[in-house]
Structures are given as C-alpha cells and as structure tokens.
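The following exercises concern how domains within a chain meet one another. Each task is followed by a solution in steps.

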Amino acid sequence: MKRLTVIVGLVCSGLVVLAALVSLVWTPYNPRRVDPGHKYAPLSWTHLLGTDMQGMDTLSRLLVGAQTTLVVGVLAVAIAAIVGVPLGIFVGMGHRFVGEVVARGMDILFALPALLLAILLAAATGASVGTATIAIGVSTIPIFVRMTRAATLTIMNQDYILAAQVSGTPTPVIAVRHVLPNIAPLLGVQAAASFSMAILAEAGLSYLGLSAPPTTPTWGRMLKDANIFIAPTQAVIPGIAIAVAVLGFNMLGDGLRDYLDPRLKEVR
Amino acid sequence: MRVPHLKGIVAAVAVVALLTGCAAQSPSPASAKTLTVGLTLEPATLDLTTSDAASIPQLLLYNVYETLLKMDSTGAIRPLLATSYDVSSDGLTYTFHLDPRAKFASGAPVDAAAVVSSINRMRDAASATLQSQMSVVQDVQAQSDHTVQVLLSRPSNFWLYSMTSTPGIIVDPAETDMATAPMGSGPYMYDSWVKGDRITLKKNPAYWGTPGRFDQVVFRYIPDPNSMVSAMLSGDLDIMGEMISPDSLPRFADTSKYTVIKGTTNGEVVLGFNHARPVMQNLLVRQAINYAIDRQALLDTVWAGQGQVIGSMVVPTDPYYQDLSGNYPYDPQKAKQLLAEAGVSNLTLSLRVPITPYAPPAATFIASQLADVGITVTVEELDFSSRWLPEVFLGGDYDMTIVDHVEARDIVNFANPDYYWHYDNPQFQALITQADEASAADFITDMEKAAQMLSQDAAADWLFVFPNLVVARAGISGIGANATSLSFDVTTIAARD
Amino acid sequence: MPLLRAAARRLAIFIGTVVVASIVIFLIVQALPGDVAQTTLGMGATADAVAALRERWGLDQPLAVRYGQWLVGMLHGDFGSSYITGASVVSQMAPRLAVTGWLVGFSVPLSLLVAWPLGLVAAMFRRRWPGAVVNALSHIGLAIPVFFVGTVATIIFAVNLGWFPANGYVTLGTSVSRWASHLVLPVASIVVVQACFLARYVRAGFIDVLTEDYYRTARAVGWTRWRGLVRHGTRNMATSLVTVVGVQIASLLVGAILVEQVFVLPGLGTMLIQAVQARDLVVVQDVVMLLVFAVLLLNFVIDMVYMAIDPRLARGGRG
Amino acid sequence: MTLLAIDDLSVDFGRHHRPALDHVSLLVDAGQRLGLVGASGSGKTVLASAVMGLLPDNAHLTGTVRFQGRDLTRLPDAAFSRLRGQDLTMVFQEPMTALDPTMKVGRQASEVRRLHTRCSAAQARAKVDEIFTRVGLDPVSQIADAYPHELSGGQRQRVVIAMAVMNNPSLVICDEPTTALDAMVQATVLALLVEELDRVDAACLFISHDLDVVSSMCDDVAVIHGGRIVETGGVDEVLDRPRHPYTQGLVATARIDAVGPGQRLPVIDDFSSTSDLVQAASEQCDTPAPTRQDR
C-alpha cells in the first residue's frame with residue numbers, strides 16, 4: 001500500500017508535469033483565441049474537452065493551466081523554504097531567546113493566512129498570479145520554520161554534532177555539512193505537502209478573483225468562470241484537474257514520509 | 001465504563017437532528033406579503049449625496065425617495081410629487097406645483113419648504129456629479145405652501161431630465177443620517193440592513209398615493225452569477241432583478257414557472273479610449289480598433305446575444321436615437337490596413353477593466369480579436385471602487401477600459417475634456433451646449449449630429465446597449481420592461497398569490 | 001507552583017505578541033494605496049471634497065497618533081467607526097462574527113465527529129481494505145476545493161432537490177428554523193473537506209498509539225483491540241490533535257470566506273473583502289486584528305489545553 | 001497439569017523475512033516457573049506476544065498455543081480479551097512507557113479489575129488499594145492519584161505487577177521485568193514478583209537474558225536462539241552442563257568471574273564461530289530441541 005501511494009502520487013503529479021511540458025510545444029488550439037461560433041461546444045473529437053463560453057478550447061487551456069499550477073507551487077514552496085529553512089536551522093542551533101522571538105514572529109505570520117495576505121496584497125498592488133504566489137509562499141514560511149527547527153533540535157542532540165562542536169567546527173559549517181543533509185528528506189516531504197496545499201490555495205484565490213486575470217488560463221479561473229448550469233462539464237474538468245494535482249503531490253509526500261518514518265514500519 | 005465521548009456524540013446528534021429537522025420545513029419566502037429581489041452590488045452607504053454609486057438609487061429611488069417628476073418605463077416624464085410644472089418662455093424659470101396630498105413616511109407634509117431644503121441639499125452635496133448637475137440652478141424659492149420656483153442661470157434640457165433622477169429626490173427635512181437611515185415619501189420605507197446580505201424595506205402604512213403591495217421587500221445582494229441563478233432556481237428569490245449570466249437564460253424557459261422580462265437600459269457598454277495617450281489620439285488607430293471587433297459576435301458570446309449593438313453613445317430609448325451600428329462593420333483586413341496606414345506596428349495596449357459580470361469576458365474577447373490584427377492587449381481586472389476608480393477613472397492610467405455607463409443621456413460626458421476619456425473636441429462641446437439650451441425640436445437634431453460626430457471620430461468603441469434582463473417567478477407582475485431610470489422600481493410590482 | 005508560573009509566562013508572551021501584531025497590522029493596512037475619501041465619493045469626487053472628507057475623518061493626523069488612538073480605543077472596547085457609514089465597527093462586526101462563528105462552531109466539532117471514527121477505522125485496518133478506502137477517500141476529499149464542494153452541494157440539494165435554500169443568511173433571532181436551514185449546506189461543505197483532513201491526523205495519531213507500550217499493556221490486561229484503542233488511544237491521540245484542530249479553527253476563521261462567498265453569507269471574510277474594496281481602513285484594520293487576535297488567542301489556549309491534557313507538559317511546556 | 005502448551009509455533013513477518021519463531025514447542029505446567037533465555041533478537045518477545053495474542057497484524061502465525069486446553073491462536077479477540085488480564089497476564093520490560101501517560105495509575109489499575117469483575121468503582125478502588133499496599137506502594141492514595149511520570153521506575157513496575165496479579169491469574173508472562181531498573185531496585189522488585197506469584201499460585205514464563213536472575217527465579221529454563229528453542233531443562237542442569245553450543249557460550253560469557261587475570265573474556269562466538277554454525281549445530285541437534293521434562 002505504501003508503494004501504491006507513491007505510484008498514484010507519481011502518476012498524478014507526473015500527469016500535471018507532462019501536461020505543462022506538452023503545452024510548451026503544442027496545444028490543439030490557441031488557448032487564448034475566442035471562437036464566437038463555437039461557444040459551449042460539447043466534448044467531441046474536434047474539441048476533446050469541449051469549449052468554454054468564449055469558444056476557447058478547454059483542453060488547450062487545461063494544458064497551459066498546468067504551467068501556472070506548477071509555477072505557483074514551485075515558487076510558493078521556494079519562497080517558504082528559502083526563508084524558512086535557514087531561519088529554522090538558525091533558531092534550532094541558536095540561543096533560546098532568539099528562538100522565542102522568532103517563534104512569536106512566526107505565530108503572528110501564522111495568524112495571517114494566505115487568504116488574508118492575498119487580500120491585502122491584491123489591495124496594494126492588484127491581484128495577479130504573482131501576488132497569489134507570494135501570499136501563499138509567505139504564509140507557508142512558519143510551517144517550514146517550525147519543522148526545520150524541530151528537526152534541527154533533534155539533530156543537534158546527536159553525538160556527531162557534539163564531536164564536530166568539540167573539534168571546533170564553525171557553526172555555519174555544521175549547519176551546512178551535518179544539519180542540512182540530515183533534515184533534507186523531511187524537507188522533501190514537507191515540500192511535497194506544501195506544494196499541493198499551494199495548488200489548492202491558488203484555486204481558492206482564483207475563485208475569489210485574487211489571482212490570475214481572465215485572459216490567463218488557470219484551473220482556478222476556469223472553474224470560477226464556468227457556468228455550472230449550462231455547461232457543467234466546463235466546471236467539472238478544471239475541478240478534476242485541481243483534485244488530481246493536489247492528490248498527486250499529497251500522496252507523493254505521504255508516500256515519501258511513510259518510507260522515511262521508521263515508526264510506521266513496526267506497528268504492533 | 002465511562003465513555004468520555006458519549007456526551008459529545010449526543011450533543012452532536014442533537015444538533016444534526018435539529019438542523020435536518022428544521023430544514024424539512026419550507027425554506028421559501030415566508031409569506032406572499034414579502035417580495036424578495038436579487039440584486040448584484042450592495043451599496044457601501046445609502047447616502048446619495050456623498051456617493052454616486054448606482055446601487056443606491058437602484059434601491060431607494062421611487063421606492064423610498066420620490067422625485068418631483070418621474071421617468072416611466074417608456075422614457076416619458078410623468079408627475080410624481082409635483083402634479084405639474086410650468087416653464088417660462090426663456091427656459092430659465094421652472095414652477096413646480098406640488099401634490100397637496102403628498103407627505104413623508106414620517107407624517108410630515110411634502111411642502112414647498114421641504115422641497116427647497118432638499119434641492120439645496122443636493123446643490124451642496126459632496127458628490128461632484130450632483131454639484132455639476134445642479135450647477136445651472138441659480139435660486140430656489142417657495143412661492144406658496146405647494147408651489148416651488150427654480151431659477152436657472154441658463155436654459156438646460158438636461159437639467160429637467162436629471163430632476164427625475166437622484167438630483168431630484170425630495171428628502172425628509174427631518175433626515176439626519178442619510179448613510180444608514182434614509183427618509184423619504186415613497187410607498188416603502190427603509191427597515192433594516194444585514195450588511196453583506198440584504199437590505200429590507202417595509203411598507204409605508206401612511207403612503208399618500210397607491211400603497212405598496214407587499215409588507216416588506218427584501219433586496220438580497222448576490223454578486224456571483226452562479227449563486228444568483230441558484231437562488232432563483234431554488235425558489236429563494238421572487239425576482240432576479242439583474243440577470244448577470246444571460247447564458248443561463250435557458251434554465252428559465254419554463255413559462256409556467258418563470259417570466260423573463262427583456263428590455264433595455266440607459267447603459268452603454270463602452271470600450272473607452274484614453275485620448276491622453278498619443279497613440280489613441282490617432283484617428284486611424286481608433287478606427288482600426290472599431291473595425292477589428294465583431295460587436296455582434298461579442299454580444300452573442302459575452303451576453304448571450306441579449307442587448308443591442310449601437311454605434312454611438314445613444315441608447316434606443318433616447319429621443320434622438322438613430323442606428324449608427326453599421327458605421328464600422330467587422331473587417332479585420334481593413335483594420336490591419338488602417339494600422340499600417342497609421343504607421344504603427346507591434347502595438348501593445350493595456351485594457352484595464354473593472355470586475356463586473358460583463359467587462360472581463362468582453363476584455364478576453366477583445367484581446368483575442370485585437371491579437372488577430374496585430375495588437376497585443378494586456379488585460380487587467382481591477383476592483384471597481386478601490387482600484388478602477390482611483391487608477392483608471394481618476395488617475396487616467398490606462399489605454400483602454402470597459403464600463404457600462406448607466407446614467408441616462410451621459411453622452412454629455414464626451415463634452416467634458418477632464419472626464420476620464422480625456423476626449424477634447426471643441427466642436428462637439430459647442431454642439432452639446434447648443435443642444436442643451438435649444439428648443440425641443442432643435443435639441444433632437446443637434447443631439448443626432450453630436451452622436452454622429454462621435455461615431456465618425458471613433459471617440460470610443462460602443463460595444464452594446466446593456467439589456468434589462470429580469471426573471472420573475474410566475475405570478476409576479478408589474479415589472480417595467482425598460483429600466484429607463486437607475487431605480488429598481490418595486491412600487492408597481494404585485495404578486496398574484 | 002510551576003504550572004501557574006508557566007501559565008503566567010505564556011500569558012505575558014501572548015500579550016506582547018498581540019501588541020507587536022497590532023503594530024504590524026496597523027502599518028500594513030496604512031500602507032495600502034488608495035483613499036477611502038476618494039473611493040467613497042466615487043466618480044464624482046473633487047479634490048476639495050476629498051480633502052474635506054479626509055479632514056472630517058481625521059485622516060490628516062500623523063500615523064503614531066492614529067495608532068495610539070486605535071490601540072487605546074480597542075482596549076476600551078471601542079474599535080472606531082466606519083469612515084463610510086459612520087457606524088461603530090463593533091456594531092458592524094458583531095453580526096459578521098456571529099455568522100463566521102456559527103460556521104466554524106458547527107463545522108469543527110462535526111468534522112471531528114466524522115473524522116474520529118474514520119481515522120480509528122483507518123488506523124486499525126491500515127493494512128486492509130477498509131483502511132485503504134478511508135485513506136483514499138480522505139485523500140480525495142482533501143484534494144477537492146471547498147468552493148467546488150459547496151457549488152455542487154448547492155446544485156444538488158438546493159436547486160435540484162430543493163431541500164435547503166441555495167444561499168443567503170437569516171439571523172437566529174429572525175427564525176431559528178430558517179437560520180438552521182441556511183447553515184446546513186455551508187457547514188456540510190466545510191465538514192466534508194475538514195473531516196478528510198482531520199481523519200488523516202486521527203489515523204496517524206491512532207497508529208502512533210498502536211505502537212505504544214501502554215496500548216500493549218491495555219491489551220494485556222484485557223482490553224479488546226477496539227475498546228483499548230478508543231479508551232487509551234483517544235486521549236493520547238488528542239494531544240497531537242489539539243494543535244491540528246487549533247490550526248483548523250484558525251485557518252477556518254479566514255478560510256470560511258470561500259464558503260461565505262459560495263453561499264453569500266455575511267461573515268467576517270465577506271466583510272473584510274468589502275471593506276478592502278471600499279478602502280474603509282478602520283474596518284479592514286479591525287477585522288484583520290480580530291482574526292489575528294483570534295488565532296493568537298487560540299495558540300495560547302492550545303498551550304493551556306496541552307498542559308491540562310498532558311500532565312507531563314505542565315513542567316516543560318510545548319517545544 | 002499442563003497449563004500452556006505451545007506446539008510447533010512459527011511466526012514470520014512477511015514472506016521475505018526470516019521467521020522470528022521457527023517451529024517452537026514448549027510446555028508450562030500450572031504453578032511452574034519457566035525461564036526463557038536468549039539474546040536480543042532471539043525471538044523471546046515474539047514468543048511472549050504470540051502467547052498473549054499481541055502480535056502485530058502483519059505477523060503470520062502457524063502452530064497452536066493451548067492455554068487451559070483452548071487453542072489461543074483461534075480465539076476471537078473478544079473471547080481472548082476476557083482471558084487476558086484475568087487468567088493470562090503480562091509484566092513488561094519498560095515501566096517508563098507501559099502505562100498510559102494521560103491517566104492516573106490508580107484508575108488504570110482499577111480498570112483491570114472492572115474489566116473482568118462485576119463491581120462498583122468503589123469496590124475496584126478498594127481492591128486497588130489492597131494490592132497496591134501489598135506490592136509496597138506507599139502511601140497508596142497519593143500514588144494512586146499520581147500520573148505515571150510522577151513515579152519512579154521501581155514504583156511504576158510495582159504498579160504494573162499489581163495490575164498483573166490483580167485478578168489472580170494462572171499464568172504471568174514476565175518480559176525482562178527488571179532490565180530497565182537499576183540493580184538495587186531490581187532485587188526488591190524480583191523478590192516482590194516471586195512473593196506475588198507464590199501468593200496467587202500462578203505459573204510464570206520468565207523471559208530474560210540474565211542467567212543469574214533466571215536461576216534465582218525459575219525451576220526450569222528454555223534457551224531460545226534464532227527463533228528456535230535449542231535447549232530445555234531444569235535450571236541447574238542446563239546451566240551446569242549446557243549441551244547446546246549456544247548455551248555453553250551463554251553460560252561462559254555470564255560467568256566472567258571464572259575468567260583468570262590476563263585471560264581474554266569469552267564471547268559467544270568462541271563457542272559457535274558464526275551464526276551459520278549455530279544454525280547448523282542446532283539443526284544437527286534433534287528437532288524439536290532437546291527437552292528434559294522432569295515432571
């Protein structure tokens with residue numbers, strides 16, 4: 001079952017990546033070109049997934065939308081990790097007081113979830129995929145800080161760290177050479193989980209109009225703009241795409257964790 | 001054994017039972033005495049003198065506040081608080097004869113003193129729109145208890161017309177808080193406001209004219225098109241006051257359940273050009289854009305073919321309407337040719353639109369069609385009040401934008417070079433002033449000329465006339481087909497059951 | 001008494017954090033571009049009118065003064081007045097808070113109620129098909145956006161079946177039955193997603209318990225698999241779940257906005273969006289502060305609850 | 001009279017793993033105290049878990065475990081649970097973790113009573129007080145009201161023992177009950193255990209790696225190695241004249257006092273150079289392992 005989780009995760013997330021890659025070189029139609037005569041075309045061989053209210057080909061938009069999905073996920077996780085991991089390690093290795101201050105700072109940041117940040121950010125500079133990504137990324141920082149800090153604390157109790165400290169290895173070197181490699185697998189798991197959460201959050205922001213403009217094909221936007229009464233398939237298709245992407249990266253993360261977590265191996 | 005979760009389970013089961021048990025009762029409007037109307041935009045304030053958001057007169061005009069004169073559904077001026085009026089031959093002095101029966105919901109009479117104070121209130125309003133509409137008023141005086149005389153500084157056809165709308169409302173002199181407690185003389189009075197959801201009006205029991213048919217009228221504000229349609233389909237609403245997803249109209253085709261009312265409004269959906277931008281000052285570019293957009297296809301795609309294509313800033317209910325929609329037929333080749341002639345290539349234009357049901361899809365459509373003739377369009381959606389207003393409308397930071405100009409006879413805005421289009425055409429300005437001061441017959445011909453001038457100059461691209469689309473459940477009657485004023489007028493609406 | 005001292009220390013930290021948060025929020029909100037005076041006056045604003053309105057609303061005073069007024073006001077329970085309507089923010093916020101409160105208040109316990117047995121089954125049968133089914137379901141439920149769930153629920157239960165109203169809200173005071181019927185679909189939509197989320201934590205918590213020696217002891221003294229797990233697992237699992245539930249409540253306070261939008265509920269989230277659009281900064285500031293305060297308070301309460309649930313932590317406190 | 005009869009019991013955790021128990025047969029008579037000796041990983045704990053029915057659910061089990069004549073391996077969980085804690089109980093190695101950290105120990109102990117005996121909370125509590133006093137937990141009321149983390153290791157193990165003997169079981173399985181305790185406490189806890197076992201007249205399967213402890217506690221001993229019982233017999237006989245090479249090694253390494261100064265300390269491998277050899281040797285010995293049944 002562990003293996004099944006990883007396989008499903010790989011297949012689903014692989015599909016998203018594949019769609020994004022394919023869309024870079026080929027889409028059946030121009031995803032931004034309206035076709036007034038073919039509004040709400042049903043699923044057919046000419047339009048495999050039909051067309052939307054503007055007569056744009058849904059499959060083409062779905063493929064291109066995968067790009068945005070991935071970019072949002074990658075950048076949001078990158079923001080969170082680039083800020084969160086060094087901060088977490090620093091706090092984990094450092095003084096208690098510093099740790100307390102950072103922890104309270106993270107409490108405040110944690111109290112400003114992606115939605116709130118996105119609303120404020122959109123108010124300041126206008127809504128775009130960029131503001132949505134930043135909001136999601138920043139709101140994910142506390143998760144990375146906390147996880148990194150906890151993992152670092154565990155590592156810091158290990159004898160080889162003590163040995164390194166006794167032998168006078170500078171702290172930054174210990175951080176890079178000993179701590180980082182040891183928490184890397186955990187970071188991978190967290191990244192996968194945060195990735196899927198970022199995709200879901202972006203869809204939510206799109207739904208509230210806090211992300212992509214109407215001309216940019218994104219899945220959340222397609223779902224928001226679909227007329228569920230007249231062309232329900234046009235709402236269901238991006239809905240499924242979002243679910244597949246989230247499911248894929250979630251299961252990937254879960255599968256990875258099960259492999260890494262020894263506690264789950266010997267269960268009485 | 002003590003099971004610690006038992007209590008929790010029992011409580012939760014009780015809650016579930018409560019919820020489902022309650023839900024078994026009918027969720028539809030409680031009684032026939034309540035009319036529930038779904039609208040889109042909730043006002044931020046009810047104070048007409050500080051904000052000129054159309055959502056305020058939509059709710060209050062005619063229903064709560066009455067005007068001296070009223071615009072009926074055919075566009076004709078009818079008496080309301082004033083039974084009649086006289087105009088002096090020089091067109092400078094208007095004398096209004098008030099209906100002696102008229103009184104406010106508070107019981108106070110609508111007398112000359114009240115009218116004078118109200119008109120002065122409008123003249124002093126913070127809203128610049130009101131100020132400019134009332135700028136021709138030189139003096140207001142009570143002649144007798146029921147006679148009011150208004151002196152204008154110059155003759156103005158537009159002024160009398162505006163008196164049927166917001167500038168003409170008569171506010172109870174006892175009014176102290178227009179923002180949250182409007183007081184007028186209409187058949188309904190303000191009752192309560194659940195912010196973010198609904199505003200409730202209740203019947204004015206002492207109304208001086210034909211009383212309202214409902215004990216209360218609930219206006220529910222539902223910005224999302226799908227949610228609005230859901231509410232109508234599930235029976236939560238009696239009337240869907242604005243059909244903002246016309247694609248869904250087929251769902252209301254069953255005439256035994258629903259009545260679909262189609263009419264017209266004063267709203268022109270305008271693809272506005274920023275004439276302050278050098279590239280937009282080029283007539284050939286403006287004309288090329290007009291040729292490049294297939295307006296009928298746009299209307300069919302974006303608004304399900306409801307509405308009507310026009311060729312200028314004039315709607316079919318205006319007395320000076322003429323069909324100019326054929327001036328720029330869809331011709332991408334011609335558009336390319338004009339662009340080449342103008343010597344522009346690789347043109348990139350910003351299209352910054354407010355978040356409304358029509359503008360973003362129209363923008364998507366336009367971006368695609370302009371891409372076909374080689375113009376790159378970057379579309380941006382802006383929240384109307386917090387971003388579109390300051391940045392586009394006031395800040396002038398845009399190349400093109402799309403807005404439904406809902407005010408009646410707002411062609412005059414093209415005569416104002418400070419208006420956000422920055423269209424500065426002295427000939428046109430002179431023509432408008434001439435029309436405003438002209439006799440009734442000359443007014444029409446002057447206005448026809450003005451409309452033609454705008455079209456030839458491609459001052460904008462008039463996409464279509466915004467239709468009045470209302471869906472009511474069967475049994476509701478009295479809804480005007482055309483929305484000639486900003487009001488969603490419920491005073492004439494009745495329910496059969 | 002160490003427990004009391006630990007609590008006092010946490011209280012002090014909590015208060016300090018709240019003050020810092022208020023400064024951060026004040027600065028963020030003040031940094032928002034746009035002007036409430038201009039926004040209110042709309043298309044017809046003149047420079048003079050805007051300036052006059054700004055002066056009337058005290059917007060021309062220096063930042064520090066306005067922050068001080070705001071903070072002192074809040075301590076007295078006065079959250080200021082809306083620029084636009086002049087109504088006190090507290091009076092506007094209270095009904096909104098009630099809506100969001102009902103949403104969160106119903107959906108969190110109900111989610112737990114659904115998640116607990118699901119997680120229990122998934123843990124006990126983790127190697128067999130019931131565990132796999134629960135696991136798969138929770139994965140799928142978690143992957144579907146809540147607004148999509150809400151939309152589909154509306155179509156099925158309001159439009160097609162007509163069991164519940166499609167959207168909107170009726171206050172408890174107006175009619176209890178209509179209030180309840182308006183809450184069913186929104187709460188159910190949240191529960192579907194939240195239960196899936198929580199079920200995974202419940203499952204993980206119970207699996208942890210299954211590996212614990214005290215569970216073996218419980219079995220050895222005669223508890224059956226299930227009853228032993230319920231009896232000795234729930235409380236231990238709860239310690240790890242408290243944080244998760246806290247995070248859930250926190251994210252729901254704001255996250256409910258999606259459901260509020262789908263079901264047109266006049267909750268805090270909708271209020272915030274409207275206030276931001278109108279640039280009614282006093283309201284924005286207060287709503288954001290309220291939400292942040294709620295989350296910080298929740299954190300604080302969780303710490304306290306931890307000390308209560310797990311007596312071992314009374315001494316050390318949570319990491 | 002045979003109380004517990006393990007016959008041809010094999011346990012493995014998945015096809016790809018070496019069996020944890022390999023065709024084990026063992027008898028415990030009523031009142032008998034049988035020591036089970038082996039190194040870590042030899043299968044001692046698996047055997048105990050198999051008897052208690054507490055193997056993880058990925059374990060695959062063949063053979064029979066008869067207790068009072070009933071085959072425990074086919075007993076449904078509910079029926080088995082009525083047996084556990086009543087007739088068949090267990091004392092665990094780690095007193096630190098064997099008790100629910102979130103529940104007061106008095107309540108945990110009284111649960112054991114109420115699970116198997118129809119009685120009121122007060123009656124159960126009285127019983128707990130009685131047993132706690134007996135096992136030397138003093139002051140009783142204070143300890144019963146304490147959480148496990150508030151007690152010392154020795155106190156906790158006394159609680160566990162109290163829970164094990166609460167219902168006068170006929171068999172108590174002790175899995176290294178004193179290993180985690182320091183030497184001083186070990187002796188008193190062992191003495192207490194013997195006393196309690198005698199009082200309730202229970203048989204005992206005493207698992208340990210410590211030959212001294214086993215020889216002081218038990219009448220008989222079985223040696224387990226690599227999942228197999230390699231030797232069984234009376235304690236003195238097996239320890240004085242070990243027959244199986246592994247047992248010889250075990251005995252020699254335990255008797256370091258016999259090693260002269262300057263001599264290298266013996267290790268198990270001196271007696272069976274590789275584990276393969278041990279396997280081979282044990283297979284040469286007749287299977288099942290040599291058994292000397294004195295009674």
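Domain bounds, on which the distance between domain centres depends, come from an automatic or database domain assignment. The model is predicted.

**Exercise 1.** Determine how far apart the C-alpha centres of the two domains of chain C lie, and describe the side of domain 1 of chain C that touches domain 2 of chain C.

*Solution.*
1. Begin with the bounds: in chain C, domain 1 covers 2–75 and domain 2 covers 89–314.
2. The C-alpha centres of these two domains of chain C are 31 Å apart.
3. Contact requires C-beta atoms, placed from the backbone, within 7 Å. On this basis, domain 1 of chain C contributes 19 residues and domain 2 of chain C contributes 16 residues.
4. On the domain 1 side of chain C, α1 (2–30) and α2 (36–41) each supply at least two residues. The most comes from α1(C), with 13 residues.
5. By class, this side of domain 1 of chain C comprises 13 nonpolar, four polar and two charged residues.

**Exercise 2.** Identify which elements of chain D supply at least two residues each to the side of domain 1 that touches domain 2, and classify the residues of that side.

*Solution.*
1. Chain D is split into domain 1 (2–241) and domain 2 (242–285).
2. In their contact, 11 residues belong to domain 1 of chain D and 12 residues to domain 2 of chain D.
3. The elements sought in chain D are β9 (220–225), β10 (228–234) and α9 (235–240).
4. β10(D) provides the largest share of this side of domain 1, three residues.
5. The classes on this side of domain 1 of chain D are six nonpolar, two polar and three charged residues.

Conventions
Residues are numbered from 1 along each chain as its sequence is written. Chains are lettered from A and ligands numbered from 1 in the order in which they are written. This is a predicted model: local features need pLDDT of at least 70, side-chain atom pairs count only at pLDDT 80 or more; totals for chains, interfaces and linings use all residues. Two residues are in contact if their C-beta atoms, placed from the backbone, lie within 7 Å. Helices (H or I, at least four residues) and strands (E, at least two) are DSSP runs, numbered from the N terminus. Ala, Val, Leu, Ile, Met, Phe, Trp, Tyr, Cys and Pro count as nonpolar, Asp, Glu, Lys and Arg as charged, and the others, Gly among them, as polar.
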